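Me: I would be grateful for a close look at a single part of this structure, namely the helix packing. Please explain it in a manner suited to a first-year student.

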Amino acid sequence: NGSMATTENSERKIITGEAGYVLEDVPHFSDYISDLPTYPNPLQDNPSYSVVKQHFVDVDDSVAQNIVVHQDSPRGRHFRRVGPREKVYFESDDVHACIVTCGGLCPGLNTVIREIVCGLYYMYGVHKVLGIEGGYRGFYARNTIPLTPKIVNGIHKRGGTILGTSRGGHDTSKIVDSIQDRGINQQLALVNGFKKSNMYVYQVYVLGGDGTQKGASAIFEEIRRRGLKVAVAGIPKTIDNDIPIIDKSFGFDTAVEEAQRAISAAHVEAESFENGIGVVKLMGRYSGFIAMYATIASRDVDCCLIPESPFYLEGPGGLFEYIEKRLKENGHMVIVIAEGAGQELLSEIMHTMDQQDASGNKLLQDVGLWISQKIRDHFGKKRKMTINLKYIDPTYMIRAVPSNASDNVYCTLLAHSAIHGAMAGYTGFTVGPVNGRHAYIPFYRITERQNRVVITDRMWARLLSSTNQPSFLDPKKISSPSYVLFESRRQGGFVKYEMKSMQ
Ligand code: ATP
Ligand code: MG
């Protein structure tokens, strides 16, 4: 197309066209290896797919990021549409695939593993799939297990990841060495009885959060530098739904559903005692989506506190005043607090050293314990009221459950999209739904920002009107030190985030 212009550098491949059309493309083998042979897609002979009307996706199809458009709005930003291509860059017998899971647990990991294995096996006739155990370090620590449809059958009914996971241990060159022709291939040779010579792992499927996707991006860059025919496909995992661009992350639905059980328990406890207060802490380090959705879904919650909405305890319009009002009116109340909420209040008071986990993530202080103590102190000591506060932290119970039905379907689509993309020669991409259509998204778009609740959007307004809680946006308080600190951190790039909501 003569009107298209492509700007490319090592990180970005952006194609602009007429009327504001912008395609943020993902890398492809043909960008850095020339004259690779292609083969007909084996799906053309697959009886299950022969009835599909559009057998193969047109390579030029894209998915628009903005679905709400005005008459005069430009055509906007697009991502390449997923799906099987007519031509593939691998012969099925040559493909060696491996799967790794990194970072924290999230419902659905096993489903994605199962579907990658079964999808490769049944759609593309790829039979050599290896699981890398224990996260990134498993590549060079040589912990691997062969995966077949028989082995992964039924694993989606279990929580966790059958491969195990870890933080830290990302050593790019050691990982790529092991991919190139050492570790993994020897393992494959042993496992499958193939000849060792010239065997490469051609497809690497990486499941994990923002840190993992950054790691996958580094692996891809090294692979491109070495000119290897290895596809790196990321499947974004975050229970918090803090990944931008995509509609929502897998495991999110399950987490919201499971959170209902904790909220119900807190509600039962609170209702049964004089001045009962139930406090439930939910996941959400920087993004309060789980807390917000669980609150709206439950209707038992009187107050939801999230990182995006600063709050304060004392004085008019503060949390204590609201708690007292609810206890007077209703005799009990339930508070849901996201783990990253109020961190600016805690750090002012506690002044503890910044601690990090093995991957370099900042460790947060337990806001649930903190707020429970604050409430007990205020009402017990200061107001001399009898209160019965129960604090529930269901985090690990939620993370460990198997994914629900809708997440299972979603995980299946993610796995298939990743497989089709890798087979078609795309690499260095993540998959995910953009406005309900799955798309290939470049790594940098997934890792450069965080998706956060926008408190001036409709969804947060819906929550406020369902709980009737204060908005904590008292004009006087907006100039308070904690609010100013929060804002300055936010604006100072403390967390770069994308203004996006899920409406
Ligand atoms: P979650 O935070 O949802 O649990 P995550 O993928 O962000 O998932 P991390 O523990 O931060 O979890 O990272 C997972 C893996 O990715 C670790 O093995 C870590 O070493 C690696 N990693 C993290 N950040 C980077 C980076 N910038 N470059 C290379 N590797 C990274
Ligand atoms: Mg992370």
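Reply: What follows describes how helix H9 packs against its partners, and then turns to another helix pair and to the ligand.

The model is a predicted one. Helix H9 covers residues 289-298, and helix H8 covers residues 252-272. The axes of H8 and H9 are 9 Å apart, and the two helices pack at an angle of about 60°. Because of that angle, H8 is classed as oblique to H9. The crossing of this pair is right-handed.

The residues that meet can be named on each side. H8 contributes Phe-252, Ala-255, Val-256, Ala-259, Gln-260 and Ile-263. From H9 come Phe-289, Ile-290, Tyr-293, Ala-294, Ala-297 and Ser-298. Sorted by class, the contact of H8 with H9 holds 10 nonpolar and 2 polar residues, with no charged residues.

H9 also packs against helix H16, which covers residues 458-467. Here the angle is about 45°, and the axes are 10 Å apart. This angle makes H9 oblique to H16, so the word used for the pair of H8 and H9 applies to this pair also. The handedness, however, is stated otherwise: H9 passes H16 in a left-handed crossing, whereas the crossing of H8 and H9 is right-handed.

On the H9 side, the contact with H16 is made by Met-292, Tyr-293, Thr-295 and Ile-296. H16 supplies Met-459, Trp-460, Leu-463 and Thr-467. By class, there are 6 nonpolar and 2 polar residues in this contact, and no charged residues. Tyr-293 deserves attention, as this residue of H9 takes part in the contact with H8 and also in the contact with H16.

Another pair may be set beside these. Helix H10 (residues 319-330) and helix H12 (residues 367-382) pack at an angle of about 70°, and their axes are 11 Å apart. H10 is therefore roughly perpendicular to H12. H10 passes H12 in a right-handed crossing. Leu-319, Phe-320, Ile-323 and Glu-324 represent H10 in the contact, while H12 brings Ile-371, Lys-374, Ile-375, His-378 and Phe-379. These residues divide into 6 nonpolar, 1 polar and 2 charged.

Finally, the surroundings of ligand 1 may be considered. There are 18 residues around ligand 1, and those that come nearest are Gly-104, Gly-168, Asp-210, Thr-212 and Ser-359. A polar side-chain atom of Thr-212 is 2.4 Å from an oxygen atom of the ligand. For Arg-167, an N or O atom of the side chain lies 2.7 Å from an oxygen atom of ligand 1. Lys-237 places a polar side-chain atom 2.9 Å from an oxygen atom of ligand 1.

Methods
Residues are numbered from 1 along each chain as its sequence is written. Chains are lettered from A and ligands numbered from 1 in the order in which they are written. This is a predicted model: local features need pLDDT of at least 70, side-chain atom pairs count only at pLDDT 80 or more; totals for chains, interfaces and linings use all residues. Side-chain values use heavy atoms; hydrogens and water are left out. Axes are lines fitted to C-alpha atoms, for helices over the stretch in contact, and angles run from 0 to 180 degrees between N-to-C directions. Helices (H or I, at least four residues) and strands (E, at least two) are DSSP runs, numbered from the N terminus. Angles under 35 degrees count as roughly parallel, over 145 as roughly antiparallel, 65 to 115 as roughly perpendicular and the rest as oblique. A crossing is left-handed if the near helix is turned anticlockwise from the far one by less than a right angle, and right-handed if clockwise. Contact means heavy atoms within 4.5 Å. Ala, Val, Leu, Ile, Met, Phe, Trp, Tyr, Cys and Pro count as nonpolar, Asp, Glu, Lys and Arg as charged, and the others, Gly among them, as polar. A residue is near a molecule or strand if one of its heavy atoms lies within 4 Å of it. A polar contact is a pair of N or O atoms within 3.5 Å; within protein, one must be able to donate a hydrogen and the other to accept it, and residues adjacent in sequence count only if both atoms are side-chain atoms.
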